[in-house]
Amino acid sequence: MGRSKFILGGMFILAAVVYLIFSSTQQSAEYFLTIDELKAKGNQIVDKNLRLSGAVIGDSIQYDPQTLTLTFDVAHVPGDNAEIEAQGGLAEVLRVAIADPTRARVTIVYVGPKPDLLRGEAQAIMTGHLGTDGIFYADELLLKCPTKYEEAVPEQAGG
């Protein structure tokens, strides 16, 4: 009798631990998507934690220093590194994405200081959520600007 209570108690504790792990993983899960994938999923991912990547369209950048509100558009870039390399590297993929008016695009709204690397043809990686209005509200904003680093390499090598 005492042994069955011990086994039953152990199973109950194990079930509780499994439930806690599962529920916390689901709440903090982030989906990494490209712009095309975001558009394809539509309303089924509204208000879910997402990580999104795209090429910054320089002409769309607007910043209000009073409210620290930054708004800009991003164009679709492939999410697969092998595909990016096959198309000539990240700088070329970003340049082509910006120049192609038929590429899927999304408007981003971010509240915070304007990053120094924010410019056209930079790769933006945003964490946030898609609103019901189709705008992506970013909580975090990371930028890669490959052309800046490519230009700096010869100067460093020659110095």
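A residue counts as buried when its relative accessible area is under 20%. By that cut-off Leu 143, at 16% relative accessibility, is buried. The model considered here is a predicted one, and this residue offers a convenient point of entry.

Leu 143 belongs to strand S6, which spans residues 136-144. Apart from neighbours within four places in sequence, Leu 143 is in contact with Val 56, Pro 115, Leu 117, Leu 118, Gln 123 and Ala 124. A further spatial relation links Leu 143 to Gly 54: the two are 89 residues apart along the chain, and their C-alpha atoms are separated by 9.9 Å.

One of the contacts of Leu 143 is Gln 123, and the path now passes to that residue. Gln 123 is placed in strand S5, residues 123-130. Its relative accessibility is 8%, and because the limit for burial is 20%, Gln 123 is classed as buried. The side chain of Gln 123 is joined to that of Ser 53 by a polar contact of 2.9 Å. With neighbours within four places in sequence left aside, the contacts of Gln 123 are Ser 53, Gly 54, Leu 90, Leu 94, Leu 142, Leu 143 and Lys 144.

Gln 123 also has a part in the largest pocket, a space of about 180 Å³. This pocket is lined by 13 residues, and those closest to its centre are Gly 79, Asn 81, Ile 84, Gln 123 and Lys 144. Strand S1 (31-34), helix H3 (81-86) and strand S5 are the elements that each give two or more residues to the lining. The largest share, 3 residues, is supplied by H3.

Two of the contacts of Gln 123, Leu 90 and Leu 94, lead to helix H4, which covers residues 90-99. The buried residues of this helix are Leu 90, Ala 91, Val 93, Leu 94, Ala 97 and Ile 98. Viewed down the axis of H4, these buried residues fall within an arc of 165°, and they therefore line one face of the helix. An α-helix has 3.6 residues a turn, so residues three or four places apart point the same way.

Helix H4 also holds a charged pair. The side chains of Glu 92 and Arg 95 form a salt bridge, with an N to O distance of 2.6 Å. Because Glu 92 and Arg 95 are 3 residues apart in H4, about one helical turn separates them. Both partners are partly exposed: the relative accessible area is 29% for Glu 92 and 39% for Arg 95. In the whole structure, a search finds 2 salt bridges. Another salt bridge joins the side chains of Asp 100 and Arg 103, at 3.5 Å from N to O. Asp 100 is partly exposed, with a relative accessible area of 22%. Side chains of opposite charge can pair when their charged atoms come close.

The last stop is Val 106, in strand S4 (residues 105-111). With 3% relative accessibility, Val 106 is buried. When residues up to four places away in sequence are not counted, Val 106 touches Ile 35, Leu 38, Lys 39, Phe 72, Asp 73, Val 74, Gly 134 and Phe 136. Among these, Gly 134 lies 28 residues from Val 106 along the chain, with 7.7 Å between the two C-alpha atoms. Phe 136, also touched by Val 106, falls within the range of strand S6, residues 136-144, the strand in which Leu 143 is placed.

Methods:
Residues numbered from 1 in each chain as written. Predicted model: local features only at pLDDT ≥ 70, side-chain atom pairs only at ≥ 80, totals over all residues. Heavy atoms only, no water. Buried < 20%, exposed > 50% of the residue type's maximum accessible area, 1.4 Å probe, protein only. Helix = DSSP H or I, 4+ residues; strand = E, 2+ residues; numbered from the N terminus. Arc of directions from axis to C-beta. Polar contact = N/O pair within 3.5 Å; in protein donor to acceptor, adjacent residues only side chain to side chain. Contact = heavy atoms within 4.5 Å. Salt bridge = Lys/Arg side-chain N within 4 Å of Asp/Glu carboxyl O. 1 Å grid on protein atoms, 1.4 Å probe; cavity = no way out; pocket = protein on both sides within 12 Å on 5 of 7 lines; lining within 4 Å. Points joined across faces, edges and corners; volume = space filled by probe spheres on them.
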